[in-house]
Structure formats: structure tokens, C-alpha cells
Amino acid sequence: MHRWKPALLIAGLLATTVTGCGGGTSAPAPTDPTTRAASGAHRAADDPERTLYLAEQVLIKKCMEKRGHEYWVEPPPPEDVSARFPLVVDDPAWARTHGYGTDLRRRREAEVRADPNRKYFRSASTAGRAALVSDLNGSRPQGLSARLPNGVRVTHSDRGCQAAAQRELYGDLEAWFRATRVTGSLAGLRLGLVTGDKRYKAAVAPWARCMRGRGHPYADPAESRAAATREGRPWPHAKEVGLASAEAECAASSGLSDVARSLNTEYRAELGRRHPRETADLARLTREALPRARVILARGD
Amino acid sequence: MSIKRMLTLAASAAAVTVLLSPVSGASALDTGSQAPVAPRVAAADGYLHVYTQPYGGGHECKWLGNSDNWGTCRNLTSDIWNNGYAGGNDAVDLYTAPSAGGAHACISQGDRWIDTTTGEYRFTYGAGLEQFGASVNNNISSHRWVDYCSQG
């Protein structure tokens, strides 16, 4: 199923930010229909994204059950380090606990392996799997269409339980599909614009000097993160924490953290202006869906 | 074009990379046959499907799990379809280099990019890494199933 975490959703709805695993605290959600302990519980109970996500899951579950399948409500996935710190790790407390978040990724992998929908799917016959995917995704990936900013046309089925759930929750499925796919593709564009900006490059220089002074000769935060998170060559936790902590401390003292934040804000607004329709649609559709979502979760199964 | 045809014939028994994820448990499948031009409904699914030509043309490779190297489809694809099932990782990060190396793009569950030869769709994840900003067409070498497709 689909988990949407577009930055513009947050900006458009409220000024709140999604809380990650800072300090290791987690708040169980009273409206959460699933009884499984979930790393998704890192978010506050009334977080709009969480509410919308769970409501969609409940609708999908009902739809799949009507078609004769078992389906378990998926908990919202935890925020990945690339979402929490898109450019530079700048939270020393988080860095001290998680480094670059490889511990969280390993935990997430274990959760996924134990996921009941995944197990159910993999234990099904070939025909059973075909029916499950067809009933969830739709049998053909056509019906919905959106043209991304750089020209690629992305399509998706307008049938199936996921589409039906989104139609019920958001009302205008076509607009929802366009809004989410277009704004979702803007995040990567934004980061490219930020890192290409000479103000960012100028701010990286003192950061790199600070890092070098601590014995970490990396040219930019992309390099340091890549070094610590290379696939198949895991670092000892203490080493990962050491580098991430230095990165965070240097990000603060050099001013890179502030520059990155302000450039992110500036380019987010700029890209929103370049795509006004999808940006506005995303904010409006999520705002209008929230009361529906609360009703869906309140009445339960 | 003729080289592609040679590769297709020579590799027909191994067109699909063996699943490398330790938790997948599924076996390698032979999809060396030429796919018809029209997009067709797969017999079984939950796969990431890729095609060497747009609109389901050329030959197809597909995976239930991750792949470190797209083999006969490596750097040759123009049509990507994520037909994964629910259960955690159902989005796919598409990497320019083998073993999840370099910059990547991401395709969400149920989405299809039926023709990446049009426009200039780029690897938009991995600022600072190899091929960041380059076109994804004929430029993908490996993939990983992930939780979702948005960042920051």
C-alpha cells in the first residue's frame, strides 16, 4: 500500500513536523486499530499523516476482506534518516543514539520480515498471489495518469482496494494521484537545487574544515553519510555514532545547519510556486480528508 | 539493437536475476521470452517488472526481492512497473550502479513508468553521488525494495 510523506503535505496542513525517534520515546496511539507494537508509534496519536494513513489501511482491509482475503492494517512506517535529515544530520542527541540510523533500518527490516501481510502473500499459491495483488493494486496499471515535472508519465490502476480506499478518503482520486506523484517528485528536485546552490557550497566549506579538524576528512555531508552507511560494509555502532555526532556538531558550529534549513524552505516554496495546482490540491485534499479519516478510525471495524 | 537481440537470445535461460534478499525464499524465474508490445497482466505477481523497450516491449526482467545486478536488463530499461504487494517494503529504489550504488530514483507501489525515453526523468535521490541528475532511461543497474518514496 502507499505511504505518502510529501513535505508539502506537512507544510500545507499544519506547521508541525513529524517527530522521529528522538530520545527513544514512543507514544501509543489510542486510535490505533492495530495492537501490534509498532515503530510507527513514534508519532503523536493525533498526527494528521498517521490518521490518514491508518484510515486508508482500515478501508483497504475491509475491501480485501470482502474479496475473501485476510489483510492486516499496516502501521505507518518510521521516518527514514533520509527524510528526517535530507541533507545533513544536525541533531546531536539523535546522532548520539542512532548515528546515521542504520540501527533503525535494521529494526525496520526485522519488522518487515515479520509482517503478516508479507507472510500471507508469500505462503499463497501462484494463483493466490495473483488475486491478492490484483485485488489490492488493480489488475492493470492504468486508469490514473500524471505527468511528472521532468516529463515521465506515471500511471496506476484506478481499480483495486487501494484506489477504492483513496477514492473514499480523498474524494477526487485523479487529483489525489496527480498531487501526490508530482509533489513527491519535487523533494528530490529540491535537494538537487539546494546542493547546487552556491550558498550551500559556501556553507559546506567551514563544515568540512571543522570535520577535518576532528579527523574526518569528508568534503560534504553526502560523503560522510555514504561512508558510514555503505551496503555490505557496516560500521561498528560506536564508529557510526562518532562520525554522525561530529557531523551534527560541525553542522551547528559552521552554520551549515541553518543555511541548509533556509535553502530548503526557499526552494520548497519556489517549487510549490512552479506547481501551484498540485501543491494546492495536496493541501486541500488532505485537509478535507482528515475529518473523514477520524470517523473511519472512530467507528472501527 | 542487434547486440540487444543477441543478449536476449544468449541469456534467455537467465533473464531474471536470482533473488538476493535472504528473506525472499523465492526461486529464479525464466522470463527470457519476448514480451508482447501491449502491457499484459502477469500470471503471478508481487514483482517489480522492467522492460527493455517502452510499452512492455523488448524483453522483460522481474524480481520478487532485491537485485544487485539487473543482468540482461542492466542499463537497458525503458519501462518500469512496481506491482509489489503490501507488507512493509513496497516502494522500489532504482539505482544507477550495481549493488545499490550511486544515485537512485524511486517508484511507488502500483505505479508504472511505461516510457522513460520521453522527457528527462532523472535520478533525484542521492545528491552528490554518481549519476545524480542523469536520466534513468537505459541507466538502472540494481534495486532495493523500501518503505516509501518521499524524502524530506
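In this predicted model, 56 residues of chain A are in contact with 45 residues of chain B. Quite a few elements of chain A chip in: helices H3 (81-84), H5 (102-113), H6 (116-122), H7 (126-137), H9 and H11 (221-228), together with strand S2 (153-157), each bring at least two residues to the side that touches chain B. The top contributor is H9(A), with 8 residues. By residue class, this side of chain A splits into 22 nonpolar, 18 polar and 16 charged residues. As for overall scores, the model comes with an ipTM of 0.81 and a pTM of 0.79.

Strand pairing also links the two chains. S2(A) pairs with S6(B) in the antiparallel sense, over 2 bridges, and Val154(A) has Trp113(B) as its bridge partner in S6(B). Within chain A, S2(A) also runs antiparallel to strand S1 (residues 143-147), and here 5 bridges do the joining. One of the residues involved is Ser145(A), whose bridge partner in S2(A) is Thr155(A). S2(A) is mostly covered, with 4 of its 5 residues buried.

Turning to the packing, the largest nonpolar core takes in 102 residues, and those with the most contacts inside it are Ala55(A), Leu94(B) and Ile107(B). Setting aside neighbours within four places in sequence, Leu94(B) is in contact with Ile80(B), His104(B), Ala105(B), Cys106(B), Ile107(B), Val136(B), Ile140(B) and His143(B). Ile107(B) thus turns up both among the core residues with the most contacts and in the list of contacts of Leu94(B).

Helix H10 of chain A (residues 198-213) makes for a simple geometry check. At 1.5 Å a residue, its 16 residues should span 22 Å, and the end C-alpha atoms are 23 Å apart, which agrees. Its buried residues are Tyr200(A), Ala203(A), Val204(A), Trp207(A), Ala208(A) and Met211(A). An α-helix has 3.6 residues a turn, so residues three or four places apart point the same way. That rule goes well with a list that includes Tyr200(A), Val204(A), Trp207(A) and Met211(A). The cover over the buried residues of H10(A) includes three helices of chain A, namely H9 (173-196), H12 (237-254) and H13 (256-274). Just after H10(A), Gly215(A) takes a positive phi of about 90°.

Chain B has some backbone oddities of its own. Most residues other than glycine have a negative phi. Asn75(B), which is not a glycine, nevertheless has a positive phi of about 55°. Asn75(B) sits in the loop between strands S2 (60-63) and S3 (79-82) of chain B, and is partly exposed, with 13 other C-beta atoms within 10 Å. Asn138(B) also has a positive phi, near 50°. Its loop lies between strands S6 (112-113) and S7 (142-146) of chain B, and Asn138(B) is partly exposed, with 14 other C-beta atoms within 10 Å.

Finally, a word on confidence. Chain A averages a pLDDT of 86, with 84% of the residues scoring at least 70. Over residues 6-42 of chain A, though, the pLDDT is below 50, and this stretch has 77 contacts in the model beyond near neighbours in sequence. For chain B the mean pLDDT is 77, and 68% of its residues reach 70 or more. Here residues 7-40 have a pLDDT below 50, with 68 contacts beyond near neighbours in sequence. Where pLDDT is low, the predicted coordinates should not be read in detail.

Definitions and conventions. Residues numbered from 1 in each chain as written. Chains lettered and ligands numbered in written order. Predicted model: local features only at pLDDT ≥ 70, side-chain atom pairs only at ≥ 80, totals over all residues. Expected span 1.5 Å × (residues − 1). Buried ≥ 20, exposed ≤ 12 C-beta atoms within 10 Å, placed from the backbone. Contact = placed C-beta atoms within 7 Å. Core = buried A, V, L, I, M, F, W, Y, C linked by C-beta atoms within 7 Å. pLDDT = per-residue confidence, 0-100. Nonpolar A, V, L, I, M, F, W, Y, C, P; charged D, E, K, R; others polar. Pairing = 2+ DSSP bridges.
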